[in-house]
Amino acid sequence: MKLVLILFFSLLCGVGIAQERDQPNLIVIFCDDLGYGDLGCYGSEKNRTPNVDQLAKAGIKFTDFYSSSPVCTPSRSSLMTGCYARRVGMHEDYTGHWVLIPRSRRGLNPEEVTIAEALQSAGYATACIGKWHLGDQPEHLPTQHGFDFYFGIPYSNDMQSKRRGDPPLPLVKQRTVIEAPVDQSTLTKRYTEAAIAFITENKSKPFFVYLPHTFPHLPLFASPDFLGKSANGRYGDSIEEIDWSTGQILASLDRLGIADNTLVIFTSDNGSNGRNGGSNQPLSGMKGSTMEGGMRVPMLAKWPGRIKPGTVCNELATTMDLLPTFCKLAGAKMPEQKIDGFDITNLLLGNDGAKSEYESFLYYRRRQLQAIRMGDWKYHLPLKAIHPNWTTPKTEAPGRPAKLVNLKDDLGELNDVSQANPDVVATMQVIARKAIEELGNDSNQGTEQRSALTLELSAPMVLKK
Ligand code: MG
């Protein structure tokens, strides 16, 4: 009997160890406002990005990968929850701001299960290193949403309005401001050091590192080693430093002997604003718009021995897919609440016949459903005049008629082919009605919308002397 018990327990332990080894480490390098055409492997001839390009050579490059929003806060809420921002109440509001600002009372609802919480429950060590932008109040910070470790700036690096009463830009560790104003030229380097330290410390257990860089969001900074070195001004300098950072992180995985068990993903929160050297080529539109250039972003993934080198994937996938995919790979429990993303393991691993599971993809902006993609078709919904409090980028008229384009041969989204394809338009209108019913539109609440956490009071994040 004793022998049987010993055997039984050794078997149990054996299974435990095997499971732990099966859990890959997960790293998401998330740039801020990096455009579709800003990397060498996506056609940039200005920015030198050899380390990021190496991800494409050694792994997979997606051509049709989307952020769920063309601006920061909604986009990040989707990566965290696997949902459209409208579903989790983190879409834009009517205050005239595109995104959360310092002292916003709104933030992610603690009832949402974040990607970090799901992985933490499955035994992962979790870190958020960089720009958060889902609320700067103590209740809203990464440490309250499943991250064991947080080091970074709580919102965008341009949010320093004296008129609004913004505090000096804070650098935060866990929940405490450790420097303000932070010297922005040091950020990329310090994020890199913090990420490598966390990886090294947790090398013998599964870890999740979320590295949302501060750049190339404006204003642009780079450390003295990179400043003035690129052929594309400060924009190129900041990207080349992020490329260096990526190389450092990959080298640390090799050095620690854990590269083969680590999936590294590199992508962006939205497109470039097209100024200061940024590029969304060959796409049209820019950050803040629901044209392709606002929401289609670079996406590269490397996982030696699992992802075939040099793969290109043309299937539609989004940042909302990372949560379900990571849950699958980590053996983590999926959130019980409804999410919008899909497990894309088959696409990542290039499995035969792997197809996108999106019947349609929704482009929300300014609380409005503005466009829908279905296969190669993209339907731009007719828009009424935009709310007077909202700033209107020059690229978008305040109102517009409906338009159907085919992205396969019209990446510029110029040619309206709705007349010739009435069936496609009719299907799109059905999809739009269903989406609007569930997720709402403008100020109308949808039947399946959940709410953010809104606090009674808020205070600025300041350095305590
Ligand atoms: Mg952004």
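Trainee: Which domains does the lining of the second largest pocket draw on?
Mentor: Domain 1 (23–349) and domain 2 (361–439). The lining draws at least three residues from each. Keep in mind that this is a predicted model.

Trainee: What volume does that pocket have?
Mentor: The second largest pocket has about 420 Å³. It is lined by 16 residues. Closest to its centre are Tyr84, Asp340, Ser360, Leu362 and Lys434.

Trainee: Which helix gives the most to that lining?
Mentor: Helix α10, residues 422–439. It supplies five residues to the second largest pocket.

Trainee: And how do the lining residues divide by class?
Mentor: Eight are nonpolar, one is polar and seven are charged.

Trainee: OK, cavities now. How many of 30 Å³ or more does the structure hold?
Mentor: Five. The largest has a volume of about 80 Å³.

Trainee: Where does the largest cavity lie?
Mentor: Between domain 1 (23–349) and domain 2 (361–439), because both give residues to its lining.

Trainee: Which residues line the largest cavity?
Mentor: Among them are Ser68, Ser69, Tyr84, Arg86 and His91. Tyr364, Arg365 and Arg367 also line this cavity. You've met Tyr84 already, as one of the residues closest to the centre of the second largest pocket.

Trainee: What classes make up that lining?
Mentor: Four nonpolar, three polar and four charged residues.

Trainee: Next one down. What volume does the second largest cavity have?
Mentor: About 40 Å³. Its lining includes Leu250, Leu253, Asp254, Thr262 and Val264. Lys302 and Pro304 line it too.

Trainee: Which elements each supply at least two of those residues?
Mentor: Helix α6 (233–256) and strand β10 (262–268). The largest share, three residues, comes from α6.

Trainee: And the classes there?
Mentor: Five nonpolar, one polar and two charged.

Trainee: Let's stay with α6. At what angle does α2 pack with it?
Mentor: About 55°. Helix α2 covers residues 50–58, and the two axes are 7 Å apart. That angle makes α2 oblique to α6.

Trainee: Which residues make the contact?
Mentor: From α2, Pro50, Asn51, Val52 and Leu55. From α6, Asp243, Trp244, Thr246, Gly247 and Leu250. Leu250 also lines the second largest cavity.

Trainee: How does the α2 and α6 contact divide by class?
Mentor: Five nonpolar, three polar and one charged.

Methods
Residues are numbered from 1 along each chain as its sequence is written. This is a predicted model: local features need pLDDT of at least 70, side-chain atom pairs count only at pLDDT 80 or more; totals for chains, interfaces and linings use all residues. Side-chain values use heavy atoms; hydrogens and water are left out. On a 1 Å grid over the protein atoms alone, a cavity is a set of points where a 1.4 Å probe fits but cannot get out, and a pocket is an open set with protein on both sides within 12 Å along at least five of seven lines; lining residues have an atom within 4 Å of a point. Grid points are joined across faces, edges and corners, and a volume is the space filled by probe spheres set on the points. Ala, Val, Leu, Ile, Met, Phe, Trp, Tyr, Cys and Pro count as nonpolar, Asp, Glu, Lys and Arg as charged, and the others, Gly among them, as polar. Domain bounds come from an automatic or database domain assignment. Helices (H or I, at least four residues) and strands (E, at least two) are DSSP runs, numbered from the N terminus. Axes are lines fitted to C-alpha atoms, for helices over the stretch in contact, and angles run from 0 to 180 degrees between N-to-C directions. Angles under 35 degrees count as roughly parallel, over 145 as roughly antiparallel, 65 to 115 as roughly perpendicular and the rest as oblique. Contact means heavy atoms within 4.5 Å.
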